[in-house]
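Hi,

Here is the structure I promised to pass on. Have a look at it first, and my notes on what turned up are underneath.

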Amino acid sequence: GPRPWLDRVPLSAADAERAARHKVPTRRRAFERGRLFVRHLLAHYLQRPEITIELGVHENGKPFVHRRAGE
């Protein structure tokens, strides 16, 4: 069944752009669900709203969480 974290928070602009690169719909949706799930988990552990979690990708392809001002 559907998970409560799905579609609750929109993808960031960068994640939506990366998702659009996947031409196969099932792969695109898998990427979107993966990103949303990671944001959901990080929000829980960082005690922040999901909408404030923004993921980036280093030049080497490794993901990271953008820091908020004051952190």
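Before the notes, one bit of vocabulary: a helix here is a DSSP run of H or I with at least four residues, and helices are numbered from the N terminus. Arginine 35 is found in one of these, helix H2. Do keep in mind that this is a predicted model.

I'll stay with arginine 35 for a moment. Its side chain meets that of aspartate 15 in a salt bridge, at 3.0 Å from N to O. Aspartate 15 sits in helix H1 (residues 13-20) while arginine 35 belongs to helix H2 (residues 25-46), so the pair ties together parts that are 20 residues apart in sequence. Both partners are buried. For arginine 35 the relative accessible area is 11%, and the cut-off for buried is under 20%, which is why it gets that label. If you set aside neighbours within four places in sequence, arginine 35 is in contact with Leu11, Asp15, Arg18, Leu55, Gly56, Val57 and Pro63.

How many salt bridges does a search of the whole structure find? The count is three. In general, side chains of opposite charge can pair when their charged atoms come close.

Another of these bridges joins arginine 29 and glutamate 32, with 3.2 Å between N and O. Both residues are in helix H2, three residues apart, or about one turn of the helix. Their surroundings are worth a look: arginine 29 is partly exposed, at 27% relative accessible area, whereas glutamate 32 is buried, at 17%.

Then there is arginine 21, which forms a salt bridge with glutamate 17; the closest N and O atoms there are 3.4 Å apart. Is arginine 21 buried or exposed? Its relative accessibility is 54%, and exposed means over 50%, so arginine 21 counts as exposed.

One last thing, about the backbone this time. Glutamine 47 has a positive phi of about 55 degrees, although it is not a glycine. You'll find glutamine 47 in the loop between H2 and strand E1 (55-57). Glutamine 47 is exposed too, with a relative accessible area of 66%.

If you only have a minute at the viewer, start with the arginine 35 and aspartate 15 pair, the buried one that links helix H2 to helix H1. After that, glutamine 47 and its positive phi would be my next stop.

Cheers

Methods: Residues are numbered from 1 along each chain as its sequence is written. This is a predicted model: local features need pLDDT of at least 70, side-chain atom pairs count only at pLDDT 80 or more; totals for chains, interfaces and linings use all residues. Side-chain values use heavy atoms; hydrogens and water are left out. A salt bridge is a side-chain nitrogen of Lys or Arg within 4 Å of a carboxyl oxygen of Asp or Glu. Helices (H or I, at least four residues) and strands (E, at least two) are DSSP runs, numbered from the N terminus. Buried means under 20% relative accessible area, exposed over 50%, partly exposed in between (1.4 Å probe, protein chains only). Contact means heavy atoms within 4.5 Å.
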